[in-house]
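Visitor: Could you take me through the salt bridges in this one? I'd like a close look at how the charged side chains pair up.

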Amino acid sequence: MNEVLRLEAITRRYREGEGQLEVFSGLSLAVNAGEIVALVGPSGAGKSSLLHIAGLLEAPTSGEIFIEGVAVSGLPDTERTQIRRDKMGFVYQAHHLLPEFDALENVVLPQMIAGRTRAAAAVEATRLLDVLGLGKRLTHRPSQLSGGEQQRVAIARALANKPQLLLADEPTGNLDPRTAGGVFDALIAITRSQGLAVLIATHNFELASRMDRILQLHEGRLVEGMPALHG
Amino acid sequence: MAALNIVSGLIMLVKDKSPDIAILRTMGATRGAVMRIFFIAGASIGVTGTIIGFAVGVLFCANIENIRQSLSRLTGTPLFDPTVYFLSRMPAEMAPGQVAAVVVMALVLTFLATLYPSWRAARLDPVEALRYE
């Protein structure tokens, strides 16, 4: 299997007053193409920080990040930005759609940033939104969409540039259990069909149990499997 | 004053749009692209304001006597009373060179005013912007 993401001996410390807070130390993980990995752990364990580091938005204190086998943590900002644009998609707990744009335009935007023409981007955006069941909501602005629909548009936006890696931080955390299940099913179906490597931080153990692998972030260490409390 | 208004207005806009800027950065927008967005926004305000200011200023100067007479009729009070000011009509002379200099200065100042807010937008840390959302 092709290894898309590998974190090797990642340590992250934050300045806290005069001291330093170590969130995790010597942490390693790998996610292969076509693999969906759940990242679970209590609030404040560092799940979001780990996703930001994997997404090249935050630099680790030490350690190395490999994207498709290439070490990238030492690259300048412009090159890390290009990797994010071409190889990664992000979904957050809040949809973070641009309120002035409709659903279609929100999915067109990242493609235009990547240099695609508006017409070509619109074709791909329409296809993605259609696959995610939003074919009749293309011209609706985020405020006119339900929470589940907003998150589906956010998923379409994350996949618009055909990334190899999808990073999702509590993508269903703001949704009720039924809607969350629907959005999660849509996310899994579309990422499986495209063979993406997916790393999803979640508190939802039921959803985590439906992924290929579960990594638990606990006291700065990663361990495979569900927390003992949940079996 | 107009330049300061652009600076403060754009700084507030950058603050208000921080999550959107962060999302653009996660999508792969470069710092340069973010800076261009806010520079174009500020420059558009500056150019529009300068064009409106130029048009209103020229019209005001070209019609200053008519405006004085209209205001005098409207208020019932002679403005710049000729018996006091010894002026048969309001003098206003437009020097094209001075007008051009003012227009150029206004444009340069507004462009300069957009630089700092645009730079701040470009330097915004997406992680920090998203953390508090």
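Guide: Sure, let's start with the term itself: a salt bridge is a side-chain nitrogen of Lys or Arg within 4 Å of a carboxyl oxygen of Asp or Glu. The idea behind it is that side chains of opposite charge can pair when their charged atoms come close. Keep in mind that this is a predicted model, where local features need pLDDT (the predictor's confidence in each residue, from 0 to 100) of at least 70 and side-chain atom pairs count only at pLDDT 80 or more, while totals for chains, interfaces and linings use all residues. Residues are numbered from 1 along each chain as its sequence is written, chains are lettered from A and ligands numbered from 1 in the order in which they are written, and side-chain values use heavy atoms, with hydrogens and water left out.

By that rule, there are 20 salt bridges over all chains. Look at A:Arg118 and A:Glu105, whose side chains meet in one at 3.8 Å, N to O. A:Arg118 sits in helix α4 (residues 118-131) of chain A and A:Glu105 in helix α3 (residues 103-113) of chain A, so this pair ties together parts 13 residues apart in sequence. Helices here are DSSP runs (H or I, at least four residues), and strands are too (E, at least two), numbered from the N terminus.

Now find A:Asp212 and A:Arg192, which form a salt bridge at 2.8 Å, N to O. This pair links distant parts of the chain, 20 residues apart: A:Asp212 is in the loop between α7 (205-208) and β9 (213-218) of chain A, and A:Arg192 is in helix α6 (residues 177-194) of chain A.

Finally, A:Arg6 and A:Glu8 meet at 2.1 Å, N to O, and A:Glu3 joins them in a network of salt bridges.
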